[in-house]
Amino acid sequence: MKLLLMLVLCSFALANTSPKKSITASGLVTDLSVDTTKIYAGTTVGIVDIFDKTTYKKLKTIKFPKITNFIGESLSPKIFSVDAMAMDVLTVCEDKDGYRSLFKNDKKILGSEAHLFIKKASFITKDKVLLGLLSNEIMLLDLNTKKIFYTNQINTSTFSDFALSEDKRFAFIADESGKITAINTLNGKVVATFGGLNVDNIYQIDYKNSIILGCGQDRRLSIYDIKTKTKYYLEGSFLIYSGALSPSGKRGAFAFDKNNNLKVFDLASRKELAILTGSKANLTRTIFLNENEIIASSEDKKINIWRIK
């Protein structure tokens with residue numbers, strides 16, 4: 001009996017993992033991005049915080065100008081998206097009249113006069129960026145000339161998120177339809193569609209090494225393997241707001257319960273590897289820093305980092 005109890009306790013200890021480190025952002029974190037050396041956190045108070053990826057010390061902040069809302073109040077703009085490439089930071093901010101602005105570092109590229117409801121922006125090259133609009137229009141924009149190379153209306157469902165392939169040649173787009181659409185980022189043409197697993201909105205999407213992961217409002221985490229042409233889903237007990245794949249595509253993590261815990265699992269065996277605790281609010285972005293470390297933000301100032309075996 002004592003041996004059984006010890007085994008149960010050991011199993012629980014191995015399965016539940018507290019953060020090894022927490023860092024504090026300037027405001028509630030709305031989006032998170034990483035590159036080889038830094039962590040970028042977009043917040044609700046018009047600030048992008050930049051942290052060192054090794055020491056977790058705050059290196060600098062980018063503060064965006066205040067805007068005027070519908071009733072004439074001056075307020076800090078909410079940040080919707082943050083990305084980085086080669087020392088440049090790409091940010092989508094709230095703007096007046098409900099529109100969104102696009103910044104490269106502290107320089108405004110597009111403002112409210114463009115009448116765009118941008119939800120996400122990512123670098124394709126240092127000069128070209130992919131935009132995802134709430135209307136589910138995908139655009140390729142030149143940052144220098146402001147020329148739009150193409151606009152592709154994916155479907156009539158509301159846009160949620162996109163993920164890029166490692167070489168940035170393809171984008172995988174998630175929306176309210178529950179389907180995932182792959183496009184060629186150079187010309188905007190649809191190259192594949194994936195469906196049959198989610199029956200409602202896909203909040204977030206990730207792509208690594210020919211694997212697609214979708215986080216569903218229907219409490220389903222969808223997995224599509226492009227190479228083997230197989231697919232399956234795992235069920236959560238709550239809305240799956242956020243999830244991610246490891247760089248190899250062999251591990252996944254997703255927010256699976258109302259306590260904002262993350263479940264880490266092996267994709268091949270579907271075996272649970274760990275439960276990551278410590279998040280105090282709905283998760284906004286989850287990223288594998290490597291095969292064994294995960295960082296996640298939530299609607300909170302705290303950003304947690306976990307290490308798993």
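Q: Strands are DSSP runs of E with at least two residues, numbered from the N terminus. In which strand of this model is the place of T181?

A: The model is predicted. T181 has its place in strand 19, which covers residues 180–184. T181 is buried, because its relative accessible area of 6% is under the 20% limit for that class. Leaving aside residues up to four places away in sequence, T181 touches I154, A171, F172, I173, V190 and A192.

Q: With which strand does strand 19 pair, and in what sense?

A: In a regular strand, side chains alternate between the two faces of the sheet. Strand 19 pairs with strand 20, residues 190–194, in the antiparallel sense over four bridges. Within this pairing, I180 stands opposite F194 of strand 20. The two strands form a hairpin with five residues between them, and G188 in the turn has a positive phi of about 80°.

Q: How many residues lie between strand 13 and strand 14 in their hairpin?

A: The hairpin of strand 13 and strand 14 has four residues between the strands. Their pairing is antiparallel and extends over five bridges, with strand 14 spanning residues 128–133. One bridge joins F123 to V129 in strand 14. Five of the six residues of strand 13 are buried, so the rest of the structure largely encloses this strand.

Q: How should an aromatic pair be read, and how many does a search of the whole structure find?

A: Two aromatic rings are described by the distance of their centres and the angle of their planes. The search finds nine aromatic pairs. One of them is formed by Y99 and F117, which are tilted, at 4.8 Å centre to centre and 35° between the planes. Y99 lies in the loop between strand 10 (88–94) and strand 11 (100–104), and F117 in the loop between strand 12 (107–110) and strand 13 (118–123), so the pair ties together parts 18 residues apart in sequence. Y99 counts as buried at 19% relative accessibility, whereas F117 counts as partly exposed at 37%. For F254 and F256, the ring centres are 6.3 Å apart and the planes stand at 70°, so this pair is edge-to-face. F254 counts as buried at 0% relative accessibility, and F256 counts as buried at 13%.

Q: Which residues do ring pairs link into a cluster, and which ring lies under the charged end of R100?

A: The cluster linked by ring pairs consists of Y203, F238 and Y241. The charged end of R100 sits over the ring of F80, 3.6 Å from the ring centre. K120 lies over the face of F162, at 5.1 Å from the centre of that ring.

Q: To how many disulfides does the count come?

A: A disulfide is a covalent bond between the sulfur atoms of two cysteines. In this structure the count comes to zero disulfides. C93 counts as buried at 1% relative accessibility, and C215 counts as buried at 0%.

Q: What is the mean pLDDT of the chain, and over which residues does pLDDT stay under 50?

A: Where pLDDT is low, the predicted coordinates should not be read in detail. The chain has a mean pLDDT of 94, and 95% of its residues reach 70 or more. Over residues 1–14, pLDDT stays under 50, and the model has two contacts beyond four places in sequence for this segment.

How values were computed:
Residues are numbered from 1 along each chain as its sequence is written. Side-chain values use heavy atoms; hydrogens and water are left out. Rings of Phe, Tyr and Trp (its six-membered ring) pair if their centres lie within 6.5 Å; planes under 30 degrees apart count as stacked, over 60 as edge-to-face and the rest as tilted. Buried means under 20% relative accessible area, exposed over 50%, partly exposed in between (1.4 Å probe, protein chains only). A charge sits over a ring if NZ of Lys or CZ of Arg is within 6 Å of the ring centre and within 35 degrees of the ring normal. pLDDT is the predictor's confidence in each residue, from 0 to 100. Contact means heavy atoms within 4.5 Å. Two strands pair if DSSP finds at least two bridges between them. A disulfide is a pair of cysteine sulfur atoms within 2.5 Å.
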